[in-house]
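Hello,

Here is the structure I promised to pass on to you. Have a look at it first, and then read on for what turned up in it.

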Amino acid sequence: MVSFLSGYDAQIILLVETPRLYLELLTAITDYKNAIFGLALGSHDYMAAIGGAHTLKNLEVVRQNMLSMARAINGIAVDIASMDLGNLEDFEVELQDGFNKGFDAKFLIHPKQYEFFKAYTFYSEDEYTHALKIVALLEDVKSDTKEFNPVVVDGQIIERPHLDRALKIVNTYRN
């Protein structure tokens, strides 16, 4: 068990690289929510430990569970590292996949990946334009208001989670 955390007043990002730690966290993550700032998956070590091929398909369940565990403790979720430095196409697929799932960060292990990451646009122009419509229509809704009457924008019912996503898109797209 990860009981060593209970005696410390620390905020750590826990790197999960073994099936044992992963399984223990599945049942005990909330016991350590005060010490764990975030979770990260050491996917290459993890897959080596279980004897599987390192593919997004093989990692799907583990990545989703790591993300859910991080959210259960209001922590950040760091997505896997990409080790093939010569293949930016696969890096882009992993980057967008992790972003679409909701990961907060991604391990970057080389300056080439960092440069690609800095220049990458996560949202399309259409998503940005749609988000601007939502934000403009609902700009009178204060960010601290939990509930408001749903509205329709381009045939889509907009509620609080949609507004939050629209604000995130607008803020991210501008940067």
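**Two helices and a sheet**

Helix α4 (residues 88–101) and helix α5 (residues 111–119) have axes that come within 11 Å and cross at roughly 55°. Please keep in mind that this is a predicted model. Angles from 35 to 65 degrees are neither roughly parallel nor roughly perpendicular, and α4 and α5 are therefore oblique to each other. The crossing in which α4 passes α5 is right-handed.

Which residues meet there? On the α4 side they are Leu 88, Phe 91, Glu 92 and Leu 95, and on the α5 side Lys 112, Gln 113, Phe 116 and Phe 117. By type, the residues of this contact are five nonpolar, one polar and two charged.

Now to the sheet. Four strands form an open sheet in the order β1-β2-β3-β4, and the pairing is parallel. At the edges lie β1 (12–16) and β4 (105–106), each of which pairs on one side only.

Starting from the β1 edge, β1 and β2 are joined in the parallel sense by five bridges. If you want a place to look, find Ile 13, which stands opposite Gly 38 in β2. Strand β2 (residues 36–41) has five of its six residues buried, so it is largely enclosed by the rest of the structure.

At the other edge, strand β3 (residues 76–79) pairs with β4 over two bridges, also in the parallel sense. Here Val 78 has Ala 105 in β4 as its bridge partner.

Enjoy exploring, and do write back with any questions.

Best wishes

Definitions and conventions
Residues numbered from 1 in each chain as written. Predicted model: local features only at pLDDT ≥ 70, side-chain atom pairs only at ≥ 80, totals over all residues. Heavy atoms only, no water. Axes fitted to C-alpha atoms, helices over the stretch in contact; angles between N-to-C directions. Parallel < 35°, antiparallel > 145°, perpendicular 65-115°, else oblique. Left-handed = near helix turned anticlockwise from the far one by under 90°. Contact = heavy atoms within 4.5 Å. Nonpolar A, V, L, I, M, F, W, Y, C, P; charged D, E, K, R; others polar. Pairing = 2+ DSSP bridges. Buried < 20%, exposed > 50% of the residue type's maximum accessible area, 1.4 Å probe, protein only.
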